2 protein chains.
Amino acid sequence: MASVRERMPAAQDLTDTAEVFGLLADPGRLRLLLALLEGEMCVCDLAAVSGQSESAVSHALRLLRAHRIVTARRAGRMAFYRLEDAHVRMLLDLALAHTEHTQAIHPERGGTR
Amino acid sequence: MASVRERMPAAQDLTDTAEVFGLLADPGRLRLLLALLEGEMCVCDLAAVSGQSESAVSHALRLLRAHRIVTARRAGRMAFYRLEDAHVRMLLDLALAHTEHTQAIHPERGGTR
DNA sequence: TTTATATATGAATAGTTCTTCAGATGGGCG
DNA sequence: CGCCCATCTGAAGAACTATTCATATATAAA
């Protein structure tokens, strides 16, 4: 029990970790990030794929950009976003694997298509 | 790009996943869950280890209990909590590995001890 | 039965986050 | 130049979340 306290990460690491989880704690942002798992995409396509307004997407992307989860590449008047954070990528893969797994266990819930 | 939409999980799965991430998006709850990685602990020890008031810990545990992340075992007037969710355990392990890794890269930040 | 201790709860406040709307910026094109 | 289109931004309101304090429950001990 004393060892538990010793193994506890530093406060700064905990707030950083909590922040990352917080960024993933929104269905809209999850949609964006899952879409970006496959490769880069422009804002308008992200809005279409995620079913959100372009303004909402832009706000979300700004937040993710501020935390270096995604990076933007400008091409003319379009902006292409890309998932840049390997740790977040792993968390997303894990979450995705988990939903696919529970999908296999509870198929009555139904999927996307 | 059409394939991206097809691979997108169902709305319910996304909100569930976002909810789980949301539960991890708080340093206080992270401390509790990390402490529970090692095994079960009573509320008072969790409060001590996590440096929070017992009321705050009780509220946090209630939330985690409601989502079946932890379960409680009563023994006399004490309650022992245990981490019950394998998926959350994996997410915590991954996050922990990541902070230890960045620790190795940026040792100037300093650790707990 | 009284008292003390561990945990749980409710209510209120304070703080944070999301969404939307209106407008700004800035590149491309007629 | 003047306009259009993609993206970004700021501000405002609504909704949600956290923390605290006071109190409740329930068990154990005296």
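In this predicted model, the surface near DNA strand D draws on both protein chains: α4, α5 (residues 54-66) and β3 (residues 78-83) of chain A, together with α5 (residues 54-66) of chain B, each supply at least two residues. The greatest contribution to this surface is that of α5(A), which provides 6 residues. Of the 22 residues around DNA strand D, those that come nearest are A:Cys42, A:Val43, A:Cys44, A:Ser58 and B:Gly76. By chemical character, the residues of the surface near DNA strand D comprise 8 nonpolar, 9 polar and 5 charged.

One of these nearest residues, B:Gly76, belongs to a turn in chain B. There, β2(B) and β3(B) form a hairpin with 2 residues between them, and B:Gly76 in the turn has a positive phi of about 65°. The two strands of this hairpin run antiparallel and are joined by 6 bridges; B:Thr71, for example, has B:Arg82 in β3(B) as its bridge partner. The hairpin is part of an open sheet of 3 strands in chain B, arranged in the order β1-β3-β2 with antiparallel pairing. Strands β1 (residues 41-42) and β2 (residues 70-75) of chain B stand at the edges and have a single partner strand each, so one side of each is left without a neighbour in the sheet. Between β1(B) and β3(B), the antiparallel pairing extends over 2 bridges, and B:Met41 has B:Tyr81 in β3(B) as its bridge partner. Helix α5(B) lies across β2 and β3 of chain B and runs at about 120° to β2(B). This helix is also among the elements that supply the surface near DNA strand D.

A hairpin is likewise found in chain A, where β2(A) and β3(A) are separated by 2 residues and A:Gly76 in the turn has a positive phi of about 60°. Strand β2(A), residues 70-75, runs antiparallel to β3(A), and 6 bridges join the two. Within this pair, A:Ala75 stands opposite A:Met78 in β3(A).

The two protein chains also touch each other: 38 residues of chain A are in contact with 38 residues of chain B. On the side of chain A that touches chain B, at least two residues are supplied by each of α1 (residues 2-7), α2 (residues 11-23), α3, α4 (residues 43-50) and α6 (residues 86-105). The largest share, 8 residues, comes from α2(A). This side of chain A divides into 19 nonpolar, 10 polar and 9 charged residues.

Helix α3 of chain A, one of the elements that supply this side, spans residues 27-36 and is mostly covered, with 9 of its 10 residues buried. The buried residues of α3(A) include the arginines A:Arg29 and A:Arg31 as well as A:Leu30, A:Leu32 and A:Ala35. Several residues of the helix are in contact with A:Ser50, a residue of helix α4 of chain A. Beyond its neighbours within four places in sequence, A:Ser50 is in contact with A:Gly28, A:Arg31, A:Leu32, A:Ala35 and A:Val57. A:Ser50 is itself buried, because 25 other C-beta atoms lie within 10 Å and 20 or more are required for a residue to count as buried. By contrast with these contacts, the C-alpha atoms of A:Ser50 and A:Asp85, which are 35 residues apart along the chain, are separated by 20 Å.

Terms used: Residues numbered from 1 in each chain as written. Chains lettered and ligands numbered in written order. Predicted model: local features only at pLDDT ≥ 70, side-chain atom pairs only at ≥ 80, totals over all residues. Buried ≥ 20, exposed ≤ 12 C-beta atoms within 10 Å, placed from the backbone. Helix = DSSP H or I, 4+ residues; strand = E, 2+ residues; numbered from the N terminus. Contact = placed C-beta atoms within 7 Å. Nonpolar A, V, L, I, M, F, W, Y, C, P; charged D, E, K, R; others polar. Near = placed C-beta within 6 Å. Pairing = 2+ DSSP bridges. Axes fitted to C-alpha atoms, helices over the stretch in contact; angles between N-to-C directions.
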